[in-house]
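The following exercises concern protein–DNA contacts, aromatic pairs and buried residues. Each task is followed by a solution worked in steps.

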2 protein chains.
Amino acid sequence: MMKAGYMPNAGATLKRIAKKSGLSCSTVSRALANHPDVNTKTRQMVKEVANSLGYRPNWAAKSLVRGKSNLVAFIVPGWDMWSTAMYETARETLHQASFMPVFYPTNSHTEWEIELIDFVLTQRPGGIVWLPSAESDIPKLAEVIGASKVPLIVLDRLATGCPGTFVCTDDRRGIATGVAHVVADGRRRVALIAGKHEHQTFQWRQEGFRQAVADAGIPEGDATIVEIAGYRLAEFEPYFNAYEAGKRLLSQSARPTAILGSTDEHAWGALDAARDLGISVPHDLRIIGYGDYIPRAITRVSLSTIVQDRNAIVHQSIHELLDQMNGEYKAENRMIVIPTRLEIRDT
Amino acid sequence: MMKAGYMPNAGATLKRIAKKSGLSCSTVSRALANHPDVNTKTRQMVKEVANSLGYRPNWAAKSLVRGKSNLVAFIVPGWDMWSTAMYETARETLHQASFMPVFYPTNSHTEWEIELIDFVLTQRPGGIVWLPSAESDIPKLAEVIGASKVPLIVLDRLATGCPGTFVCTDDRRGIATGVAHVVADGRRRVALIAGKHEHQTFQWRQEGFRQAVADAGIPEGDATIVEIAGYRLAEFEPYFNAYEAGKRLLSQSARPTAILGSTDEHAWGALDAARDLGISVPHDLRIIGYGDYIPRAITRVSLSTIVQDRNAIVHQSIHELLDQMNGEYKAENRMIVIPTRLEIRDT
DNA sequence: CTGTTAGCGCGTTCAG
DNA sequence: CTGAACGCGCTAACAG
């Protein structure tokens, strides 16, 4: 019995189609599923009846009987254009494999991410692509997802003890490329504005920075790392905090001649700090971001950045996920590293 | 029988909990649903067992037996930050009403939007919030959704024959406010860069413009409307096309001294055209957008714009939707108009 | 090629 | 307060 309010699709169901066309449920089911062994005429007829009734299959029933659904859940930061684009890119491939990508935006609030993942598991998805938000309690969530045995891809983070596949970019080398570039450009006082979260990937970016300045023979005092707090992308916290950090850095007597960000937002904050202090970029200051997910069409300045190759990341992820879903299990904690590419633009 | 690949939650189910705790399914069901007439101790025990088994209810089964699901589907342009923010705002309210908001991003491709809506209906959602993408075939889709009898809110568009509630901003007056402002500022040659789609809401913006310039006594030749094509937000088509249009407009001998956009992207395109032509904004040219959904933190220039009050829109929409879902049906084709507010910033 | 039957996991009667 | 039985809409196994 429908409860109240509305009667979905006027209650068009297999049974009703069966009755109206004088067939059995199974035949109707087979006809609509394009099962081979069903008379072409029958199929035709069934489809017409279904159409006339405005039939739309009941997804819940299908998932229930199958023991799992055809969903592939993208649990990703909602405000991050990176993730939206990723979803977009993944769609076609998944669709061909008759999976339905669904986008579950997180908002850098751990409690919500927990609740969301809980709900997603409730839907028995065929697979999960997870880009943990900066604040999420990765170990705990990883355990939960792990226990559910759903095929899992974790993006841009490392979650030890989590049974999925990790797809990251080469953080250390990425940042190092940026440092090498500005050093080659004659900048000998460099700074990194780094996010203050403990995710492995951000630590690697710091490591890459340290290593690179050491390799370049830059004295310790001339290489600064500023850790800033602030996670909420939606409120642009990383940007605003980086702005403040940038102002402080650039107000020093011996101010840096190059600033790298461990994300694009960080670099952007520094860029605006430079503008407001009247420092000319790139002449007096080089600025390099990391990620390439700020839409250039509306920024009026093209940020130079270490590009994370979205297409490669997504293709690898989806490929890997489909493999996992097909049971072609590869190994525990497989890790796929995607190379980065420095792209020099206006800064 | 689970098919293959994985066994969701190690197959923890009501029955298994029942067996392990020596109770019946129904008791377990009631206990977990916090049904009042169940012994407190029993409930306690059941919950512990459930927990130890890593039980997670099966969403499909629940939806199936209920005849509909607890989903509220947001079918909205994925690249539009407006919609992400909206989803975010709606979340809490819906959650309290024990609905689960789910975000289904569209991409300005009609075929995909059709497919998506088809899928969403398959999930028997409790309600739908729909912001039709620029290219979508509104009448057709409206009919489909209408036939499903799912409570529906349509945002920022008008879909005649569609049985939902419309929530729009006051387009005519909004644009008119913008025109009045620049005229009061002494600008007597004004242009509107308008999207070339036939959605009612964009027509209204054109109407508002025409009326306002007439009211201001501006001669016909000094008021221009440029219709531009290009829908795909993800590729910033509106921006790029507006940029070209802006260049053309501003290269005329008697160039406009104020340009309004019928969206923020349009205004932004004009703004960049002005920059590249060396025209000083706002001194020699005023530029006003519509919408206020370009994130100011990364644009380096704050666009003056006619603000669509997101909060009001969302609150009204969700309120209305919940009413509809509770069966408090109001009228066919109710229309809610949210006032706009001109906000003057850098342009 | 088609019909019959059973059961997916859960909520909901109706009896106790 | 608890249990037994039924059915939601659909697919799959087995007969014919």
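Contact means heavy atoms within 4.5 Å. The model examined here is predicted.

**Exercise 1. Describe the environment of D272(B): in which element does it lie, is it buried or exposed, and which residues does it touch?**

Solution.
- Step 1: locate the residue. D272(B) belongs to helix 11 of chain B, which covers residues 264-277.
- Step 2: classify its accessibility. The cut-off for buried is under 20% relative accessible area. D272(B) has a relative accessible area of 1%, so it is buried.
- Step 3: list the contacts. Leaving aside residues up to four places away in sequence, D272(B) touches A297(A) and R300(A) as well as Y239(B) and Y243(B).

**Exercise 2. Characterise the surface near DNA strand C and identify side chains that approach its phosphate oxygens.**

Solution.
- Step 1: count the surrounding residues. DNA strand C is surrounded by 26 residues, and the closest are S26(A), T27(A), T42(A), L14(B) and Y55(B).
- Step 2: sort them by character. The surface near DNA strand C consists of 11 nonpolar, 10 polar and 5 charged residues.
- Step 3: assign the elements. At least two residues each come from helix 2 (25-32) and helix 4 (59-66) of chain A, and from helix 2 (25-32) and helix 4 (59-66) of chain B.
- Step 4: divide the DNA atoms. Sugar or phosphate accounts for 63% of the atoms of DNA strand C within 4 Å of the protein, and bases account for the rest.
- Step 5: examine individual polar contacts, for which the limit is 3.5 Å between N or O atoms. A side-chain N or O atom of T27(A) is 2.7 Å from a phosphate oxygen of DNA strand C. For S29(B), the corresponding separation between a side-chain N or O atom and a phosphate oxygen of the strand is 2.9 Å. Y55(B) places a polar side-chain atom 2.5 Å from a phosphate oxygen of DNA strand C.

**Exercise 3. Carry out the analysis for DNA strand D, and state which part of the strand is approached by T13(A), R30(A) and N58(A).**

Solution.
- Step 1: count the residues. There are 25 residues around DNA strand D, the closest being L14(A), S29(A), Y55(A), T27(B) and R30(B).
- Step 2: sort them. These residues near DNA strand D comprise 10 nonpolar, 10 polar and 5 charged.
- Step 3: divide the DNA atoms. Of the atoms of DNA strand D within 4 Å of the protein, sugar or phosphate makes up 64% and bases the rest.
- Step 4: inspect the three residues. The side chain of T13(A) has an N or O atom 3.1 Å from a phosphate oxygen of DNA strand D. The side chain of R30(A), by its N or O atom, comes to 3.4 Å from a base nitrogen of DNA strand D. N58(A) uses a backbone N or O atom, which lies 3.3 Å from a phosphate oxygen of DNA strand D.
- Step 5: assign the elements. Two or more residues of this surface near DNA strand D are given by helix 2 and helix 4 of chain A, and likewise by helix 2 and helix 4 of chain B.

**Exercise 4. How many aromatic pairs are found over all chains, and what do the pairs F74(A)–Y87(A) and F119(A)–W59(B) join?**

Solution.
- Step 1: take the total. The whole structure contains 11 aromatic pairs over all chains.
- Step 2: classify the pair within chain A. The ring centres of F74(A) and Y87(A) are 5.7 Å apart with planes at 90 degrees, so this pair is edge-to-face. F74(A) is in strand 1 (residues 71-77) and Y87(A) in helix 5 (residues 81-96) of chain A, so the pair ties together parts that are 13 residues apart in sequence. Both F74(A) and Y87(A) are buried.
- Step 3: classify the second pair. F119(A) and W59(B) are also edge-to-face, at 6.2 Å centre to centre and 85 degrees between the planes. Because F119(A) lies in helix 6 (residues 110-122) of chain A and W59(B) in helix 4 of chain B, this pair joins two chains.
- Step 4: check burial. F119(A) is buried at a relative accessible area of 9%, and W59(B) is buried at 5%.
- Step 5: look for a cluster. Ring pairs connect F74(A), Y87(A), F103(A), F74(B), Y87(B) and F103(B) into a cluster.

**Exercise 5. Over the face of which rings do R205(A) and R205(B) lie?**

Solution.
- Step 1: consider chain A. R205(A) lies over the face of Y290(A), 3.9 Å from the ring centre.
- Step 2: consider chain B. R205(B) lies over the face of F202(B), at 5.0 Å from the ring centre.

Conventions:
Residues are numbered from 1 along each chain as its sequence is written. Chains are lettered from A and ligands numbered from 1 in the order in which they are written. This is a predicted model: local features need pLDDT of at least 70, side-chain atom pairs count only at pLDDT 80 or more; totals for chains, interfaces and linings use all residues. Side-chain values use heavy atoms; hydrogens and water are left out. A residue is near a molecule or strand if one of its heavy atoms lies within 4 Å of it. A polar contact is a pair of N or O atoms within 3.5 Å; within protein, one must be able to donate a hydrogen and the other to accept it, and residues adjacent in sequence count only if both atoms are side-chain atoms. Helices (H or I, at least four residues) and strands (E, at least two) are DSSP runs, numbered from the N terminus. Ala, Val, Leu, Ile, Met, Phe, Trp, Tyr, Cys and Pro count as nonpolar, Asp, Glu, Lys and Arg as charged, and the others, Gly among them, as polar. Rings of Phe, Tyr and Trp (its six-membered ring) pair if their centres lie within 6.5 Å; planes under 30 degrees apart count as stacked, over 60 as edge-to-face and the rest as tilted. Buried means under 20% relative accessible area, exposed over 50%, partly exposed in between (1.4 Å probe, protein chains only). A charge sits over a ring if NZ of Lys or CZ of Arg is within 6 Å of the ring centre and within 35 degrees of the ring normal.
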